[in-house]
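Please read this report with the sequence and the structure side by side, and look up each residue as it comes up.

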Amino acid sequence: MEIIRSNFKSNLHKVYQAIEEADFFAIDGEFSGISDGPSVTALTNGFDTPEERSSPDVKFVCQSSSIDFLASQGFDFNKVFRNGIPYLNQEEERQLREQYDEKRLQSNGAGALSYVSPNTSKCPVTIPEDQKKFIDQVVEKIEDLLQSEENKNLNLEPCTGFQRKLIYQTLSWKYPKGIHVDTLETEKKERYIVISKVDEEERKRREQQKLAKEQEELNDAVGFSRVIHAIANSGKLVIGHNMLLDVMHTVHQFYCPLPADLNEFKEMTTCVFPRLLDTKLMASTQPFKDIINNTSLAELEKRLKETPFNPPKVESAEGFPSYDTATEQLHEAGYDAYITGLCFISMANYLGSFLSPPKIHVSARSKLIEPFFNKLFLMRVMDIPYLNLEGPDLQPKRDHVLHVTFPKEWKTSDLYQLFSAFGNIQISWIDDTSAFVSLSQPEQVQIAVNTSKYAESYRIQTYAEYVGKKHEEKQIKRKWTEDTWQEVERKRLKTQSISYALQNHYYHTNSLTATGTVEKRSLSPSPAEADLEARVSGEISDAELDQAESCAEPVSEGRKKAKKLKRMKKDLSPAGNIPNSPAKLFEVPDTW
């Protein structure tokens with residue numbers, strides 16, 4: 001069943017029902033292969049670390065070769081832009097909801113920054129001199145409307161957003177009952193205000209209608225994100241083939257920007273998707289590794305139709321036409337996700353043949369497949385086969401690897417010539433002036449390093465030395481950033497303390513001489529809350545906290561990230577545990 005913008009809302013309940021009934025989900029995104037650069041090999045290195053491989057640029061890229069390939073496969077680009085389903089990530093949704101809340105505050109007579117206490121009586125709005133005539137004319141028209149027995153509605157002329165705000169605030173104070181105010185748009189997208197004469201019951205009914213309409217508009221804007229959130233909240237197994245980029249794009253587009261730190265990315269991903277399984281990694285691991293020669297999705301699907309595997313029989317419900325694997329539709333996201341699911345079922349059922357007695361069907365909740373959970377296949381990394389989302393990644397020795405720097409003019413042939421005395425080598429370019437060189441024998445490494453001691457045009461160091469220097473540089477940069485932040489934070493705290501004291505003095509002084517002045521409520525947490533949170537994050541000293549207890553809470557980027565992850569954990573923690581089933585027979589190895 002194809003769901004596009006025009007039928008998304010009407011079929012959303014069917015999607016929710018399918019999520020509720022599903023044992024697992026298979027996903028695929030078709031643009032994750034597009035890269036920014038001359039070639040994939042130029043952007044990736046055989047000795048990348050998982051942290052380096054998980055840091056894509058945030059940009060929309062139209063790579064001509066990939067676009068040409070998709071076009072040759074019959075990809076309909078018009079459908080993407082014309083019929084694509086809208087979506088918002090969590091931050092965009094939050095901002096939109098705040099805009100609606102602000103709009104509602106204005107219609108109730110409170111500006112976006114007013115935060116009026118519930119016990120404070122409404123006061124006349126202050127109208128700028130140049131707008132007084134305009135507002136007086138509006139009030140006069142409303143008086144005429146209220147006196148008229150024939151007219152029930154009044155359409156004001158289109159005006160600016162600031163004028164509409166003044167109208168809302170003035171009418172909310174001057175006419176708390178008896179009228180209903182709404183904003184509409186003309187065909188030319190000009191916004192104007194409609195005022196209706198209503199009794200209290202009708203006013204409340206219209207307000208409820210307006211609120212329901214706003215909620216519907218919000219849900220429409222959130223769009224496809226609602227589906228991703230439902231899948232995440234289900235806590236069920238999500239399957240993909242070579243799915244690292246699919247997962248990264250999904251988290252980034254539907255939740256929040258990816259963090260720079262690898263451990264934060266792992267924590268965020270497992271908050272969103274607590275159980276992931278990569279069929280490419282599964283097919284590359286025992287007991288499949290020796291009987292599956294090609295793990296590309298198309299070839300894997302063909303191999304799993306043959307002995308010793310038993311492909312599943314698929315029956316589609318009425319009204320839901322299924323794909324036919326006899327007619328390949330590769331590189332269509334739905335088809336690729338479909339055969340990924342078939343591949344998983346075939347491999348999972350094959351694991352059941354090792355039990356005694358053998359089991360024909362192995363469910364997505366079986367402990368037999370747990371060893372493959374949350375390990376995402378890493379393409380083109382020589383000795384780290386997967387990214388482990390639930391713990392530290394494999395740490396290969398790489399004691400046979402050298403890091404070489406050289407002039408920009410050098411080519412691959414120059415490197416082969418330099419290391420010609422060391423037999424077979426492998427070269428992995430990093431950039432125009434550096435590369436990793438892998439020797440066949442680790443004992444040759446020190447000999448190669450010694451030969452470069454007196455060289456002028458190139459330098460050779462061991463991989464361990466390279467990593468050590470890189471770690472040093474990172475620590476220095478981090479320390480500099482932390483020291484700079486602490487200095488900025490001290491200055492900000494000092495400024496806030498002075499500002500807060502002046503505000504207190506201002507409000508105290510003016511409260512004796514001016515009536516009707518509304519003091520803004522503090523939006524900061526209590527000192528105890530700020531103290532606890534800062535002590536946990538370790539970002540502010542106890543002495544600084546004691547000085548700043550009466551000031552607004554300093555919010556750092558690190559704290560924002562920690563709070564965001566905490567919220568995601570709370571919102572997305574799946575209920576229940578995996579039912580008990582047969583014990584593990586297979587392990588994804590720690591070495592490859």
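Which residue in β12 is the bridge partner of valine 404? The partner of valine 404 in β12 is isoleucine 460, and the sheet around this pair is described below, after some words on how the model is to be read.

The structure is a predicted model, in which local features need pLDDT of at least 70 and side-chain atom pairs count only at pLDDT 80 or more, while totals for chains, interfaces and linings use all residues. Residues are numbered from 1 along each chain as its sequence is written, and side-chain values use heavy atoms, with hydrogens and water left out.

**The chain as a whole**

The protein chain holds 21 helices and 12 strands, where helices (H or I, at least four residues) and strands (E, at least two) are DSSP runs numbered from the N terminus. Of its 592 residues, 37% are buried; buried means under 20% relative accessible area, exposed means over 50%, and partly exposed lies in between, for a 1.4 Å probe and protein chains only. Among contacts between residues at least 6 apart in sequence, 69% join residues at least 24 apart, a contact being heavy atoms within 4.5 Å.

**The sheet that contains β9**

Strands of a sheet pair through backbone hydrogen bonds, either parallel or antiparallel. Here four strands form an open sheet in the order β10-β11-β9-β12, with antiparallel pairing, and two strands count as paired if DSSP finds at least two bridges between them. The edge strands, each of which pairs on one side only, are β10 (425-431) and β12 (459-462). On average, neighbouring strands of this sheet are turned by 25° against each other, direction ignored. Strand β9 (residues 401-405) is joined to β12 by four bridges in the antiparallel sense, and five bridges join β9 to the antiparallel strand β11 (residues 434-439). Four of the five residues of β9 are buried, and the strand is mostly covered.

**Strand β4 and its partners**

Strand β4 (residues 191-197) is largely enclosed by the rest of the structure, because five of its seven residues are buried. It pairs in the antiparallel sense with strand β2 (residues 153-155) over three bridges and with strand β3 (residues 179-185) over seven bridges. The hairpin of β3 and β4 has five residues between the strands, and in it lysine 189 takes a positive phi near 65°.

The table gathers bridge partners from both regions.

| Residue | Bridge partner | Strand of the partner |
|---|---|---|
| Valine 401 | Serine 438 | β11 |
| Threonine 405 | Arginine 459 | β12 |
| Leucine 154 | Isoleucine 195 | β4 |
| Aspartate 182 | Valine 194 | β4 |

Aspartate 182 is also a neighbour of lysine 210, which lies in helix α9. Lysine 210 and aspartate 182 are 28 residues apart in sequence and 8.7 Å apart in space, C-alpha to C-alpha. Not counting residues up to four places away in sequence, lysine 210 touches Tyr168, Val181 and Asp182, and lysine 210 counts as buried because its relative accessibility is 17%.

**Two helices side by side**

Two packed helices are described by the angle between their axes and the distance between the axes. The axes of helix α1 (residues 5-21) and helix α10 (residues 225-234) come within 11 Å and cross at roughly 10°. Therefore α1 is roughly parallel to α10. Angles run from 0 to 180 degrees between N-to-C directions, and axes are lines fitted to C-alpha atoms, for helices over the stretch in contact; under 35 degrees counts as roughly parallel, over 145 as roughly antiparallel, 65 to 115 as roughly perpendicular and the rest as oblique. Phe8, Leu12, Val15, Tyr16 and Ile19 in α1 meet Arg226, Val227, Ala230, Ile231 and Ser234 in α10.

Glycine 223 is found in the loop between α9 (200-222) and α10, and glycine 223 is buried, with a relative accessible area of 0%. Leaving aside neighbours within four places in sequence, glycine 223 is in contact with Phe8, Ile85 and Pro86.

**The nonpolar core**

The largest nonpolar core has 32 residues, and those with the most contacts inside it are Tyr255, Phe273 and Leu276. Such a core is a set of buried Ala, Val, Leu, Ile, Met, Phe, Trp, Tyr and Cys residues joined through side-chain atoms within 4.5 Å. At least two residues of this core come from each of α1, α10, α11 (244-254) and α12 (262-272).
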